[in-house]
Amino acid sequence: MLIGEDTARPFTWAEWLERVHPQDLASFLGRPDPEGTAEFRFRAIDNQMRWARCSRAALTDETGIVETVLGIMVDITEERVRETAWAELAIHDPLTGLLNRRGLRQEIDGLLAASRPMPCLALFAVDLDQFKETNDAHGHAAGDAVLVEASRRLAATAEGAVCARLGGDEFVAVLPVPGEVEAQEARARLQSAFHRPLAFRGRWLPVSASVGVACRPITIDIARLVDDADADLYARKRVRSRFQAAAA
């Protein structure tokens, strides 16, 4: 039943070892002491990898020599799937599927630890324009639709970047780049991608965003990079506000 066979038959130790995932053999076989509990992956009849928990106990003779090892194996695949799902929820925004702050921090740590040929790290700070007005005028469902579409555009345009939603209508993308020129080109592409309306339930919702960028050596402190990108974002918003006021 554990491996998915319909008919009961003798199942040899060698057959079972062939089904245990090679990376989990050491955990499955355990220490020289045969007692204990191990969790490992195994290949079922349908060739799908599943998880099992094996609890073992040794039966000894009067002199203490092990005569028999009894084991109980339980399929814990669903338990592992739930654990993985909870772990994913802990680092992802449930609405957009992008990373949250914790997930972003983990991914950035991975970028900095990896050996990459790119000398610079560009961080893009994205703030949706007039999102509150859209949410108030058309309802929360429309606002959610805008947020989901914004996340899709961010991930599609900043290809290869680590993308996250920090909360509300604030997004970031982090991308290793050769230098400042490439960072500014990517910022321009993002800016253009956000300035398109979104069709929602028979109406067009306005979608636009302000995008700031900071490009610094890949060894720089991330907190400083975030501050620099935010400063660039708000400087651009101030320029746009003055321009719109003058035009009016």
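## Pocket lining

Strand β3 contributes five residues to the lining of the largest pocket, the most of any element (helices are DSSP H or I runs of at least four residues and strands E runs of at least two, numbered from the N terminus). The model is predicted, and local features need pLDDT of at least 70, side-chain atom pairs pLDDT 80 or more, whereas totals for chains, interfaces and linings use all residues. Residues are numbered from 1 along each chain as its sequence is written, and side-chain values use heavy atoms, without hydrogens or water.

The volume of this largest pocket (an open set of 1 Å grid points where a 1.4 Å probe fits, with protein on both sides within 12 Å along at least five of seven lines; lining atoms within 4 Å of a point) is about 420 Å³, taken as the space filled by probe spheres on the points. Its lining has 20 residues, with L2, F11, T12, W16 and M73 closest to the centre. Two or more lining residues come from each of α1 (13-19), α2 (25-29), β2 and β3 (66-75). By class, 14 are nonpolar, three polar and three charged.

## Hairpin

Strands β1 (residues 36-43) and β2 (residues 49-60) are antiparallel and joined by eight bridges (pairing takes at least two DSSP bridges). F40 has A52 in β2 as its bridge partner. Five residues separate the two strands of this hairpin, and N47 in the turn has a positive phi of about 70°.

## Nonpolar cores

The largest nonpolar core (buried residues, under 20% relative accessible area with a 1.4 Å probe, joined through side-chain atoms within 4.5 Å) has 31 residues, of which F124, L128, L154, F171 and F194 touch the most other members. Elements supplying at least two residues each include β4 (120-128), α6 (140-157) and α7 (180-194). A separate core of 18 residues includes L104, L111, V162 and I218.

Key: Nonpolar A, V, L, I, M, F, W, Y, C, P; charged D, E, K, R; others polar. Buried < 20%, exposed > 50% of the residue type's maximum accessible area, 1.4 Å probe, protein only.
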